Amino acid sequence: MAKLAAVVFSYCPADPRVRRESEALVEQGIDVDVICLKGPGQSWSERVRGVRYIRLPISRRRGGKLRYVWEYFAFTIMSLFVLAGLHLRNWYRAVHVHNMPDVLVFSALVPRLTGAKVILDLHDPMPEVFMTKYDLDAEHMLIRLLRFFERISIAFSSVVLTPNIGFRDLFVSRGCPEDKIHVIMNTPQESIFGASQTAPGGALRRADDVATAGRPGTFTIMFHGTIVERHGLSTALEALAQLKGKGADIRFDVYGDGDYVEQFLDQVGKLGLEDVVSYHGFVSLETIAEKIETVDLGLIPNMRSTFT
């Protein structure tokens, strides 16, 4: 059986892109090991839906730039040694590395030197994320360093994946060969979302059915994703405060985790939206699929920024 390893600075199987790609490989008869972070209460190693997760003792703590640099560095070095040991036992045909950080791709050094292909999955352009997150300009020393790391990481890899055409064009403009990069979109995992979004017999749910899915007399809105400032939840809260002032009966359900949770909840209190907004934290993809059935509208209030 062909063997493949994946490396990601994230908690798994919670990370949807990593889970979807890894489970798709297992369905094709490929044995997959994923090296990832160890979350509270998680075991060091377990097999879930055919994928083996190997967790390293590093936790992701939201903080400043130096905290991120330290976490990324420690995880990359640890992954380098763990992956080297696993490769000598399993002889992986390929290693699939997910950013951020881009330099995590160098954890696949030993497999690369022994003939394995290295796939770099660029979920996000790291310079633009840091420019938006820390309000830095394009010529800031850190941003220039991140662009350098991006270039050498792409050069080291055998093939590059990214989720949309906009990202692909950005990476190509910075030197990635066009024939080396491929778009794999963040589409829903059909085994989780496919059946739940259709009515009996396989027909798509009609708009008038969806409009009555929430509580009687209440218009229910849902956001699910990473809770970060650039995703625009502050704008959504300001709009909800205006609608509430006009007597609208609205409920806003928010699912996810991130470094903006505390500010988000603080704004909920300042705007007097405690009876409108319900924050549910991080939940599984299966739960998200179930909750989508009960709401009237999904909201993506992204802010205009360098990243978006």
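## A proline in the first loop

Pro 13 sits in the loop that runs between strand E1 (3-11) and H1. This is a predicted model, so please read the values that follow as computed from it. The peptide bond joining Cys 12 and Pro 13 is cis, with omega at about 15 degrees. There is a second cis bond to look at, from Met 100 to Pro 101, where omega is near 0 degrees. Pro 101 belongs to the loop between strand E5 (94-98) and helix H3 (109-113). As background, most peptide bonds are trans.

## Cysteines without a disulfide

Cys 12, the partner of Pro 13 in that cis bond, is worth a second visit. Searching the whole structure turns up zero disulfides. Cys 12 is in none, and its nearest cysteine sulfur, belonging to Cys 36, is 4.4 Å away. Seen from the other side, Cys 36 is in no disulfide either, with the sulfur of Cys 12 as its nearest cysteine sulfur, 4.4 Å away. A pair would count as a disulfide with its sulfur atoms within 2.5 Å.

Are these two cysteines buried or exposed? Cys 12 has a relative accessibility of 1% and therefore counts as buried. Cys 36, at 0%, counts as buried too.

## Two nonpolar cores

In soluble globular proteins, nonpolar side chains tend to be buried together. Here the largest nonpolar core holds 41 residues, and Val 7, Phe 75, Leu 83 and Phe 130 have the most contacts inside it. H2 gives the most to this core, contributing six residues. Apart from it lies another core, of 17 residues, including Ile 227, Leu 233, Phe 264 and Leu 273.

Which residues does Val 7 touch, not counting residues up to four places away in sequence? Among them are Ile 35, Phe 75, Leu 83, Val 95, Val 97 and Leu 104, along with Ser 79, Ser 107, His 96 and His 98.

## How the helices pack

Helix H2 (residues 65-90) packs against helix H4 (residues 126-134) at an angle of about 150 degrees, their axes 12 Å apart. Because angles over 145 degrees count as roughly antiparallel, H2 is described as roughly antiparallel to H4. On the H2 side the contact is made by Lys 65, Tyr 68 and Tyr 72, and on the H4 side by Met 126, Phe 130, Lys 133 and Tyr 134. Sorted by class, this contact has five nonpolar, no polar and two charged residues.

A second pair is helix H9 (residues 233-245) with helix H10 (residues 261-270), whose axes come within 10 Å and cross at roughly 10 degrees. That makes H9 roughly parallel to H10. Leu 233, Ser 234, Leu 237 and Glu 238 of H9 meet Phe 264, Gln 267 and Val 268 of H10. The residues of this contact divide into four nonpolar, two polar and one charged.

## Buried charged residues

Arg 17 lies in helix H1 (residues 16-27), and at 4% relative accessibility Arg 17 counts as buried. Leaving aside neighbours within four places in sequence, Arg 17 is in contact with Asp 121, His 123, Leu 161, Thr 162, Pro 163, Ile 184, Met 185 and Asn 186.

Glu 128, in helix H4, is buried with a relative accessible area of 9%. Beyond residues up to four places away in sequence, Glu 128 touches Leu 170, Arg 174, Thr 306 and Phe 307. Glu 128 and Phe 307 are 179 residues apart in sequence, yet their C-alpha atoms are 4.9 Å apart in space. Arg 174 also appears in the surroundings of Arg 147, a residue of helix H5 (residues 141-156), whose contacts outside four places in sequence are Pro 127, Ala 138, Glu 139 and Arg 174. Arg 147 is buried, with a relative accessible area of 17%.

## Positive phi in two loops

Most residues other than glycine have a negative phi. Which residues have a positive phi here although they are not glycines? One is Arg 49, with a phi of about 50 degrees, found in the loop between strand E3 (45-48) and strand E4 (51-56). Another is Asp 135, with a phi of about 55 degrees, in the loop between H4 and H5. Arg 49 is partly exposed, with a relative accessible area of 43%, whereas Asp 135, at 70%, counts as exposed.

Conventions
Residues are numbered from 1 along each chain as its sequence is written. This is a predicted model: local features need pLDDT of at least 70, side-chain atom pairs count only at pLDDT 80 or more; totals for chains, interfaces and linings use all residues. Side-chain values use heavy atoms; hydrogens and water are left out. Axes are lines fitted to C-alpha atoms, for helices over the stretch in contact, and angles run from 0 to 180 degrees between N-to-C directions. Helices (H or I, at least four residues) and strands (E, at least two) are DSSP runs, numbered from the N terminus. Angles under 35 degrees count as roughly parallel, over 145 as roughly antiparallel, 65 to 115 as roughly perpendicular and the rest as oblique. Contact means heavy atoms within 4.5 Å. Ala, Val, Leu, Ile, Met, Phe, Trp, Tyr, Cys and Pro count as nonpolar, Asp, Glu, Lys and Arg as charged, and the others, Gly among them, as polar. A nonpolar core is a set of buried Ala, Val, Leu, Ile, Met, Phe, Trp, Tyr and Cys residues joined through side-chain atoms within 4.5 Å. Buried means under 20% relative accessible area, exposed over 50%, partly exposed in between (1.4 Å probe, protein chains only).
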